[in-house]
Amino acid sequence: MSHLFYQGHGRKPVLDQARGVYMWDTDGRRYLDGSSGAMVCNIGHSNPRVLAAMREQMDRATFGYRLHFETEASERLAAKTVEKMPEGLSKVFFVSGGSEAIESAMKLARQYAVAIGQGSRWKVISRSPSYHGCTLGALAVTGYRSLTEPFAPMMREMPKVPAPRAYLDGLDPDDPATGHHYADMLEAQILREGPESVLAFVLEPVGGASTGALVPPEGYMARIREICDRHGVLLIMDEVMTGAGRTGAFLGCEHWNTRPDIVVMSKGFAAGYAPLGGIVAPDWLVGPVLDQGGFAHGFTYAGNPLACAAGAAVLDEIDRQGLVGNAAIMGEKLKARLHALAQKHEIIGDVRGKGLLTAFEFMSDPVTKAPLPKELRAFDRFVQIAYENGLIVYSRRTRDGVEGDHILVCPPLIVTDAHLDEIVEGLDLSLAQFRAELPALDKVH
């Protein structure tokens, strides 16, 4: 028996080793990591240069508390990170993961408002559906009922606006008027709340697990920036999943030249080699907080030298191998292959994504966009079938976590044409098996 518990009672194979895009269990069975874990392992597994950098740091020191020491590793990673940020974002605060990073960004924004005499601002608007983390603060800005509902009495839920799901609403995503339609919902919400009470707006530039690689319609991102500027609202870009090159740019917001006030990063930032996340903000925002006595926030492992050494080596590998460019090129190829699968398997109702953050959504009717019956739990079942076929993919539900099953296909950025062939073959086989089960499942339910 296992003494560990996770989300359910089921047991998984025991991981033995992982290299590149492949993983092996202790029975010797090989799996292709078609989702980079949870969209984490951007540079693939067991990269020898990253492991060497970690060993070197381990020989020096594995821990130094941030209030006692500065470390060369954290300073080096901070400098490398700032080099990749939009102009003006020059201050970095390290954490151990995405939820911690979102919490840190919201608390920094709040302290800044207090420091400049705008203490009435405390509301952080987000989108629904959305996912920003599992801690109570991060859940408060998460719009995903199946994850937030049990904890609602324990947190102060923040205002939400609809995510720009043009494909579900029958709107043209290539028309700037569509983007303006969704962005203007943010302005309407700010006005309803009272602009003097709104602190920030947080969003993923390309949707993650909650909306399945949702790409915003034309006109959306620019209009969001204008609205935030007009009302003095900080724009927080949650780049936990999109950052570190996954979408074919180092940050997802770069695709629309949208300036963030705070960038939130994790996942691909250290690519699974160590727990690491961070926020990056401009000096004009951080300065008043420091002048008022400092950031009243922190974590024991913030700026851990071993994690930072891993992160710096990961950024070096992203550059050395040209992985941002590879994500753009291979992402276009992958999306084309997914569209071809949609032509073959009518159960796929939509394909979307940017770079190597791609997804397809199951629908019982692609014309009406009707989802599969939620009782089928298609998102769980398809992942299991693919897993049995040696392909790891990731799934969630697009429609508030209740229905609208989608599958995320997000391989490491080192993926090759041969790897894409293997991924698509695994998907094709699994789709056929899944579709063959549906009549039997319908009778059961």
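Q: How many residue pairs are in polar contact across the interface of domain 1 and domain 2?
A: The rule finds 23 such pairs, both residues at pLDDT 80 or more. A polar contact is a pair of N or O atoms within 3.5 Å; within protein, one must be able to donate a hydrogen and the other to accept it, and residues adjacent in sequence count only if both atoms are side-chain atoms. This is a predicted model, where local features need pLDDT of at least 70, side-chain atom pairs count only at pLDDT 80 or more, and totals for chains, interfaces and linings use all residues. Residues are numbered from 1 along each chain, and side-chain values use heavy atoms, without hydrogens and water.

Q: What makes up domain 1 and domain 2?
A: Domain 1 covers 15–46 + 322–442, and domain 2 covers 48–321. These bounds come from an automatic or database domain assignment.

Q: Which numbers of residues take part in the contact?
A: Domain 1 gives 42 residues and domain 2 gives 44, where contact means heavy atoms within 4.5 Å.

Q: How do you know what area is buried between domain 1 and domain 2?
A: Buried area is the accessible area (1.4 Å probe) that two parts lose on being put together, summed over both. Here that comes to about 3200 Å², with 60% from carbon and sulfur atoms. On the domain 1 side, Ile43, Lys354 and Asp400 lose the most area to domain 2.

Q: Why is the count of salt bridges between domain 1 and domain 2 zero?
A: A salt bridge needs a side-chain nitrogen of Lys or Arg within 4 Å of a carboxyl oxygen of Asp or Glu. The count between the two domains is zero, so no pair across them meets that rule.
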